[in-house]
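Work through the exercises below with the structure open beside you. Try each task before reading its solution.

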Amino acid sequence: MPTKNHYAFVIDVARCIDCRACLVACSVENNVPMDHTRIWVHDQQVQGEWPTLSHTFVPYNCMHCDTPPCTEVCVSGATYKDAVSGLVLVDQEACIGCGYCVEACPYGVRYIDQRRGVVDKCNACVQRLEVGLQPACVATCVGKARMFGDLNDPNSEVSVALRNAKTVTRLDYEKAGIDPDPNIYYLNLVETQSILSSDTFGQVPQAILPRDPHYTIAEEGWKKVAIPLLAAAMGATFLVQAFFFTKQLLEGEKEFEE
Amino acid sequence: MSHKNIPLPERQRLRQKMLKKHNLANILTHWFNVGSWLLLLPTGIAIISSPRLGITPIWWQEAFRNIFGSDANLIRFHYTIGFIWIFVILFNVLVGFRKYFLPFASHRMLLDRDDIQWMMTKPLQMMGFMKGKELPPQDAYNAGQKIYSYFVVICTIGIMVSGPVMVFKSLFPPIVKQIAQPIHFISVFVIVAWLFIHVYMGAIFPEEKEAFFSMFSGKVSAWYARAHHEKWYNEKLKEEVEWEDRVQQELLESPHLTEESSGPD
């Protein structure tokens with residue numbers, strides 16, 4: 001579904017030094033509880049053999065996918081893709097924290113805030129966007145590894161960065177009709193891998209690849225067992241009463257049954 | 001019990017005579033329940049907007065979200081009415097436990113051998129078989145109504161437990177909230193599946209017209225009771241005869257009254 005704005009993160013992996021200032025800025029801006037973060041930096045550890053070594057840090061957060069699998073499973077529509085901004089947001093007043101969406105997200109970017117009983121995730125700091133500011137993580141990034149902007153605007157910082165990029169990597173997932181089309185674009189991700197050997201060029205580290213969306217037993221049972229059975233039961237009883245009602249209409253009402 | 005050899009004046013008398021079937025407490029609880037369901041069912045269906053489940057049409061979801069202003073407001077309305085419903089139903093059951101609920105459960109809900117026979121014959125008759133076979137006499141509620149009442153009781157408990165689990169969301173672990181949702185859904189729609197039959201039989205089906213009006217007045221005619229709920233009718237007759245005997249006995253035993261009644265003669 002095309003939206004008015006097409007916000008995206010562009011993250012230059014080569015510029016990230018794992019300082020994690022973005023995590024702190026995010027937690028402070030969004031009152032994230034101490035035992036969770038909304039954004040992460042994946043530490044690839046030192047790879048390869050001396051002297052060809054590589055140490056990559058991959059910052060990530062909610063990819064604000066074009067067709068997110070998480071909103072598909074939300075029963076009440078508490079999590080949704082915003083029709084204007086295109087961001088994937090959570091209405092925490094409607095959310096009951098059941099975690100269907102947490103299981104369904106291929107990128108594992110959602111968590112349950114058990115104290116409030118709701119699901120929480122990156123909302124690209126919509127409260128800051130509304131007043132014309134960048135998200136807290138982007139504003140605080142010292143190395144300018146994180147960029148954020150509207151891809152629909154050809155002159156935005158992210159559009160320009162993508163045009164000038166040597167390599168762009170997107171952690172897409174496509175299987176069994178599920179195709180989220182994530183909106184985090186990584187710059188220089190494959191180069192950092194290709195230092196190791198020419199074989200690894202174009203390879204993305206296994207650990208940051210998306211996993212299969214997982215559907216909970218409750219949700220699967222609901223969809224695949226409860227709904228068909230109840231639809232059949234309701235159809236049957238409806239047909240029975242419809243049959244007798246039609247019969248009644250055709251035969252006319254008898255005042256006394258004797 | 002055949003009615004073929006009942007003479008005309010007796011038939012007219014039976015049509016005139018009214019027997020009390022429902023007490024006011026049950027009538028009011030029933031209609032309160034109806035009102036609550038009319039508010040809860042459409043809003044509840046509107047909340048379910050998961051495209052993967054694909055139950056509710058988009059226009060329905062949007063209409064209700066527009067009426068209430070937002071998703072969260074729609075949910076708040078649903079569970080506020082829900083809590084009022086839970087409170088009133090539980091209040092009625094608990095306050096009237098000994099006076100209304102226990103007699104109702106023990107005299108009107110228990111299945112007996114006739115009921116099982118009825119359950120085996122009636123569906124076949126509805127499909128057009130065994131037309132000649134006579135149905136066994138029924139209690140105040142027939143076997144179908146009795147079985148429906150079990151489903152309603154169990155599913156009502158299911159709704160009343162799974163609903164608050166989803167409202168008091170910080171008290172329960174995610175797995176409980178995950179399971180509560182299908183339980184809530186299943187409990188509601190098991191009742192709704194039966195509800196088609198219940199509403200049709202109660203409000204539209206011509207032979208049961210009296211049953212519908214009895215949910216307002218509490219009374220059915222003796223003729224209707226004799227034809228549809230014979231066992232209950234016989235019980236009522238027995239009560240009446242016992243009452244008559246008792247009154248006669250009292251009149252005989254009271255010398256004051258006999259004197260007075262013989263006085264003016």
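**Exercise 1. A pair of strands in chain A**

How many bridges join β9(A) to strand β10 of chain A, and do the two run parallel or antiparallel?

Solution. This is a predicted model.
- Step 1. Find β10 at residues 184–187 of chain A.
- Step 2. Count the links: two bridges join β10(A) to β9(A).
- Step 3. Compare directions: β9(A) and β10(A) run antiparallel.
- Step 4. Pick out one partnership. Thr169(A) has Tyr186(A) in β10(A) as its bridge partner.

**Exercise 2. The sheet around that pair**

Place β9(A) and β10(A) in their sheet, then find the helix that packs on the sheet.

Solution.
- Step 1. Read the order of the four strands: β8-β1-β10-β9 in chain A. The sheet is open, and its pairing is mixed.
- Step 2. Locate the edges. They are β8 (146–150) and β9 (168–169) of chain A, each paired on one side only.
- Step 3. Add the helix. α6 of chain A, residues 157–164, packs on this sheet. The helix touches β1 (7–12), β8, β9 and β10 of chain A.
- Step 4. Give the angle. The direction of α6(A) makes about 115 degrees with that of β8(A).

**Exercise 3. A hairpin**

Describe how β2(A) and β3(A) are connected.

Solution.
- Step 1. Set the bounds: β2 covers residues 40–47 of chain A, and β3 covers residues 54–60.
- Step 2. Six bridges join these antiparallel strands.
- Step 3. Check one pair: His55(A) in β3(A) stands opposite Val46(A).
- Step 4. Look at the turn. Six residues lie between the two strands of the hairpin. Gly48(A), in the turn, has a positive phi of about 85 degrees.

**Exercise 4. Chain A as a whole**

Is chain A a compact globule or more spread out?

Solution.
- Step 1. List the elements: chain A has eight helices and 10 strands.
- Step 2. Apply the globule rule, which gives 18 Å for 258 residues. The radius of gyration of chain A is 25 Å, well over that value, so chain A is more spread out than a compact globule.
- Step 3. Take the spans. Along the principal axes, the C-alpha trace of chain A covers about 100 × 45 × 40 Å.
- Step 4. Turn to the domains. The assignment gives domain 1 (7–208) and domain 2 (217–258) in chain A. Their centres, over C-alpha atoms, are separated by 49 Å.

**Exercise 5. Chain B as a whole**

Repeat the size check for chain B, and state the confidence.

Solution.
- Step 1. Chain B contains 12 helices and two strands.
- Step 2. Its radius of gyration is 24 Å, while a compact globule of 265 residues would be near 18 Å.
- Step 3. The C-alpha atoms of chain B fill a box of roughly 80 × 50 × 30 Å along the principal axes.
- Step 4. The mean pLDDT of chain B is 87, with 95% of its residues at 70 or more.

**Exercise 6. Where the chains meet**

Which helix gives the most to the side of chain B that touches chain A?

Solution.
- Step 1. Count contacts: 35 residues of chain B meet 41 residues of chain A.
- Step 2. Name the contributors. α4 (71–95) and α8 (174–204) of chain B each supply at least two residues to this side.
- Step 3. Choose the leader: α8(B) gives the most, with 17 residues.
- Step 4. Sort by class. This side of chain B has 24 nonpolar, six polar and five charged residues.
- Step 5. Note the model scores: ipTM 0.87 and pTM 0.87.

Terms used
Residues numbered from 1 in each chain as written. Chains lettered and ligands numbered in written order. Predicted model: local features only at pLDDT ≥ 70, side-chain atom pairs only at ≥ 80, totals over all residues. Contact = placed C-beta atoms within 7 Å. Nonpolar A, V, L, I, M, F, W, Y, C, P; charged D, E, K, R; others polar. Pairing = 2+ DSSP bridges. Axes fitted to C-alpha atoms, helices over the stretch in contact; angles between N-to-C directions. Domains from an automatic or database assignment. pLDDT = per-residue confidence, 0-100. Rg over C-alpha atoms; globule rule 2.2 N^0.38 Å.
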